[in-house]
Amino acid sequence: MYRQEGGNQVVGKYEEAKEQYRGLGIDTEQVLEDMQNLTISMHCWQGDDLGGFDHDGPLSGGIQATGNYIGKPRNVEELMKDLDLAFSLIPGKKKLNLHSSYAVFEAGQWVDRDKLRPEHFRKWVEYAKERSLGIDFNPTFFSHEKAKQFTLSSPDESIRKFWVRHGQACVKIAQYFAEELGEPCVLNIWIPDGFKDVPGNRLEPRRRFSDSLDEILSIDYDKEKVFVSLESKVFGIGFESCTVGSSEFCINYAAKHGIMALMDNGHYHPTETVSDKISSMLLFHKKLGLHITRPVRWDSDHVVLFDDETKELAREIVRCNAMDRVFLATDYFDASINRVAAWIIGMRNVQKAFLYAFLQPNEIMTRLQDEEQFTELMVLQEELKFYPFEDIWNEFCRRNQVPAGGEWMSQIREYEETVLKKRM
Ligand SMILES: C[C@H](O)[C@H](O)[C@@H](O)C(=O)CO
Ligand SMILES: [Mn+2]
């Protein structure tokens, strides 16, 4: 059912493709090296619909994982097992993106989020060390009894302070990850706070959010090890009229306080594209964080496809020569299909988008644009779609010893039969 080629066939086709791309001035060996250095942070929360381990309540914060596919992991061991299968079928370099709600407590050792400590993530550090992975981290300002509508922007000082302490605790845990794993940790702050209906005052909640961020960032931490980012949003379910952490708020706060803005491509109006925003951000910010997702009509967090916008996002980063300035992470949660496959599909599609981007003759395209040869530019961009991109992908997978085509799905099916179906 799925395409599958033998090793010799792959190498032969790769050699032919290499020549074709050479004609455009593209060195495919360099491209394969760039692909090997590409790091994508895979979100743990696709694995269990953002369930986490520190609470029993429902998912809140205006986000939703729809579907009820079999085999959702019931504990950290099962989640880790699922992650292992996904990682084994994704080529290249990966990082693990964790939420604080995935803290692992020994029996009787549960603490609330404002009291979290590095030891609650020791199991994840051991997991990451054994697999040579870095970890990125996120405070969890939702799915909690103190996160009804407001967290860091709460008018209730005791609630606001609770979440400030949570943010501070997470900065320390992020530094613990960086130190233990020898790789910087991106600590991404996203709050759902907002209003279902027209607010009476927009300024004060935003002022409180700003003050809370100041308090979180006032603690001593190593800025070479922890890169704090702030993620904006346009609206969430139940927060349709106003989002405290809007785009303007987050970009301005990040620029003024020397932290990183993070753009999630599900967090804009449907006709806006993040690919068009990247160059402007890179002109004025040292670094940028991205959450790569697929919004369908709203921030639906569908599995990332190898679609036009994902390709364009990657092309922008590559042609801005910003591979070392942009932190890439996936962020979607689909419970309607096999969850492990969802990770693999989305991650591989992000990688394919970057491979496609590395295989573009950017200098030629810039020259055509500067010379206002827009017809030639369009022809070239369309012709490139027929270049043997697939042969380079196959070779990348062969060198990483993972299946190149959809044949990896047979391993998922077997896992579903032997493991997932037994999780009742
Ligand atoms: C779970 C994540 O932190 C969350 O998805 C956030 O990044 C987001 O995108 C909310 O819409
Ligand atoms: Mn996001």
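**Helix packing, a β-α-β crossover and local backbone features**

In this predicted model, helix α5 (residues 157-181) packs on helix α6 (residues 203-217) at an angle of about 40 degrees. Their axes are 9 Å apart. The crossing of α5 past α6 is right-handed. On the α5 side, the contact is made by Arg160, Trp163, Val164, Gly167, Gln168 and Val171. These residues meet Arg208, Ser212, Glu215 and Ile216 of α6. The contact of α5 with α6 is mixed in class, with four nonpolar, three polar and three charged residues.

Two further helix pairs involve α10 (residues 339-358). In one pair, the axes of α3 (residues 76-88) and α10 come within 9 Å and cross at roughly 35 degrees. This crossing is right-handed. Asp82, Leu85 and Ala86 of α3 meet Arg339, Val340, Trp343 and Ile344 of α10. Five residues of this contact are nonpolar and two are charged, and none is polar.

In the other pair, α10 packs with helix α2 (residues 28-37). The axes of α2 and α10 come within 10 Å, and the crossing angle is roughly 145 degrees. The crossing of α2 and α10 is also right-handed. Val31, Asp34 and Met35 represent α2 in the contact, and Phe354, Leu355 and Phe358 represent α10. By class, the α2-α10 contact has five nonpolar residues, no polar residue and one charged residue.

Strand β1 (residues 39-43) is largely enclosed by the rest of the structure, because four of its five residues are buried. β1 pairs with strand β2 (residues 93-99). The pairing is parallel and runs over five bridges. Within it, serine 41 has lysine 95 of β2 as its bridge partner. The chain passes from β1 through α3 to β2, and this β-α-β crossover is right-handed. Helix α3 thus has two roles in the description: α3 links β1 to β2, and α3 meets α10 through Asp82, Leu85 and Ala86.

Phenylalanine 249 lies in helix α7 (residues 247-257). Phenylalanine 249 has 20 other C-beta atoms within 10 Å. This count reaches the cut-off of 20 or more, so the residue is classed as buried. Beyond its neighbours within four places in sequence, phenylalanine 249 is in contact with Arg206 and Ser232. Tyrosine 268 is 19 residues away in sequence. The C-alpha atoms of phenylalanine 249 and tyrosine 268 are 14 Å apart.

Positive phi values occur at two residues that are not glycine, serine 132 and arginine 297. For serine 132, phi is about 50 degrees. Serine 132 sits in the loop between α4 (122-130) and β3 (134-138). Serine 132 has 11 other C-beta atoms within 10 Å. The cut-off for exposure is 12 or fewer, so serine 132 counts as exposed. For arginine 297, phi is about 70 degrees. Arginine 297 is in the loop between β10 (294-296) and β11 (298-302). With 7 other C-beta atoms within 10 Å, arginine 297 is exposed.

How values were computed. Residues are numbered from 1 along each chain as its sequence is written. Chains are lettered from A and ligands numbered from 1 in the order in which they are written. This is a predicted model: local features need pLDDT of at least 70, side-chain atom pairs count only at pLDDT 80 or more; totals for chains, interfaces and linings use all residues. Two strands pair if DSSP finds at least two bridges between them. A crossover is right-handed if, with the strands pointing away from the viewer, the path from the first strand over the helix to the second runs clockwise. Axes are lines fitted to C-alpha atoms, for helices over the stretch in contact, and angles run from 0 to 180 degrees between N-to-C directions. A crossing is left-handed if the near helix is turned anticlockwise from the far one by less than a right angle, and right-handed if clockwise. Two residues are in contact if their C-beta atoms, placed from the backbone, lie within 7 Å. Ala, Val, Leu, Ile, Met, Phe, Trp, Tyr, Cys and Pro count as nonpolar, Asp, Glu, Lys and Arg as charged, and the others, Gly among them, as polar.
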